[in-house]
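Me: Hi! Could you walk me through this structure? I'd like to begin with how residues get sorted.

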Amino acid sequence: MAILIKNGTLISASDTFEADILIEGETIAQIGKRLQHPSAEVVDARGKFILPGGVDPHVHLDLPMFDTVSSDDHYTGHKAAAFGGTTTVMDFVVLEGEGFAHSVDLWMKKAEKAVVDYSFHMNLTQFNEKIAKEIPALMKMGIQTLKVFTAYNGRLRLADGDIFKALQIAKENGMLTMAHCENGDVIETLVAEALAAGRTTPEWHALTRPAWGAVESTLRMAGMAAAADAPVYIVHMNAGGEVDMLKYVRERGVKAMGETCPQYLFFTIDNLRRPDGAKWVCSPPMRTQDDNARLWEGLTENILQTVGTDHCPFFFDGTKPLVYEGEPIAIPGKELGRDDFTKIPNGLPGIQDRMPVLWTTGVRAGKITANQFVAYMCANPAKIFGLYPRKGALLEGSDADIAIWDPEKKVKYGAALLHQRTDYNLYEGWELTGYPEKVFLRGKLIVDGAEWKGKRGDGKFLKRRAGEIL
Ligand code: DUC
Ligand code: ZN
Ligand code: ZN
């Protein structure tokens with residue numbers, strides 16, 4: 001069946017122009033003026049923007065943490081993504097003792113209920129000769145990325161020497177290393193001191209994870225990448241100083257790229273001081289207004305490359321069920337850390353929020369152009385992670401993943417209208433202007449206004465190849 005989207009304004013990472021789009025099967029067959037087709041279903045998009053479906057490079061679905069699990073799985077999280085205009089998501093596989101293949105199999109099983117397209121990154125949280133030898137096999141599975149951590153001592157962190165070796169191996173195999181940058185040793189000491197002094201409230205989560213640790217770790221990581229002549233992608237940049245470091249190293253030819261997340265553009269440690277401060281507990285933590293402002297500059301000035309969500313939701317009160325698709329569900333959440341900030345599950349919801357919130361606060365507010373929006377949300381993540389131009393683009397031959405965007409639609413945002421499976425939203429009550437109206441995944445309409453038309457299992461695993469260094 002063919003679909004003809006007529007009279008819309010297409011927005012790519014570089015251009016804005018009026019054209020029609022003909023979809024045949026799963027892909028974009030033709031883009032041009034006054035297109036005709038004898039039997040296509042016609043969608044009139046006059047006055048609307050046509051965006052590529054969003055690509056969220058950083059989500060955590062069904063992730064076990066602290067005696068619970070992130071509350072969106074590969075159905076609910078994907079569905080929420082789609083309602084926010086996102087049609088491709090990348091999730092992180094937890095590395096189990098049995099090795100990569102077993103760990104990937106577990107994640108493949110979890111994702112059988114996928115409703116948007118997806119791929120995986122591999123958490124490289126152990127390192128030895130055997131694991132080093134197995135890394136190239138990941139590339140053959142279509143997993144082009146390793147994530148390393150300079151924090152979470154004794155759990156996820158690798159020694160710098162092992163990170164350096166991983167960077168070398170990744171480079172040899174056309175792979176990309178992603179890095180969570182904080183200073184694990186400083187955090188370990190400060191957390192022990194805080195607990196010994198009886199400082200257990202959520203703000204201490206932020207006070208024990210200082211911004212300077214993120215800044216020096218970002219520079220350290222970029223330095224190791226430079227020494228290995230390897231690319232590196234710094235996830236969830238949260239401190240203004242990290243933007244400065246990224247600018248510094250990129251100006252010197254280091255192949256470093258940076259991602260920020262919406263939460264770091266708006267919120268500060270003051271949010272953690274509220275009675276419901278646990279809602280904002282994630283790692284790295286919220287910083288200051290100066291950091292918010294510098295991260296915005298990082299987007300305005302094209303210092304950063306992407307905006308991902310780090311979507312890792314938990315219930316604020318997991319003792320009270322909420323109703324999702326007619327079924328009551330309760331999953332232990334932030335209440336686990338009521339008396340001790342180190343026991344609050346780390347993570348925030350955001351998979352649905354990313355595009356609508358950034359459209360209003362970024363594009364409408366004049367901080368970024370609509371083309372930059374498409375670059376950060378769609379094209380750049382697809383390029384960096386080896387999916388372009390199949391994803392992240394409106395081009396003939398690309399998958400017909402399309403968000404028809406109503407630039408004038410006003411929405412009072414909040415948990416009540418959302419599909420993220422959690423009992424709160426960070427942007428509760430925000431007035432947004434501009435919202436996805438229809439969302440297509442490979443030519444199939446999956447979101448039509450408030451109506452869900454997607455189907456469990458329709459999302460496809462995407463094997464990725466070597467990406468671009470932006
Ligand atoms: N940070 C979080 O807050 N949650 C999941 C993983 C991470 O790095
Ligand atoms: Zn991280
Ligand atoms: Zn993360």
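Reply: Happy to! Ala, Val, Leu, Ile, Met, Phe, Trp, Tyr, Cys and Pro count as nonpolar, Asp, Glu, Lys and Arg as charged, and the others, Gly among them, as polar. This is a predicted model, where local features need pLDDT of at least 70, side-chain atom pairs count only at pLDDT 80 or more, and totals for chains, interfaces and linings use all residues. Residues are numbered from 1 along each chain as written, chains are lettered from A and ligands numbered from 1 in written order, and side-chain values use heavy atoms, without hydrogens and water.

Me: How does the shell around ligand 1 divide?

Reply: That shell has four nonpolar, six polar and two charged residues. Among the residues around ligand 1 (a heavy atom within 4 Å) are His-60, Lys-147, Asp-310 and Cys-312.

Me: Which backbone atoms lie by a nitrogen atom of ligand 1?

Reply: A backbone N or O atom of Ser-283 is 2.7 Å from a ligand nitrogen, and one of Asn-346 is 2.9 Å from a ligand nitrogen.

Me: And how much of ligand 1 does the protein bury?

Reply: The protein buries 95% of the 240 Å² that ligand 1 exposes when taken alone (Shrake-Rupley method, 1.4 Å probe).

Me: Switching topic: what are the domains?

Reply: The domain assignment (automatic or from a database) gives domain 1 as 2-51 + 389-421 + 431-452 and domain 2 as 54-384. Their centres, taken over C-alpha atoms, are 28 Å apart.

Me: How many residues are in contact there?

Reply: 38 residues of domain 1 contact 43 of domain 2, with contact meaning heavy atoms within 4.5 Å.

How values were computed
Polar contact = N/O pair within 3.5 Å; in protein donor to acceptor, adjacent residues only side chain to side chain.
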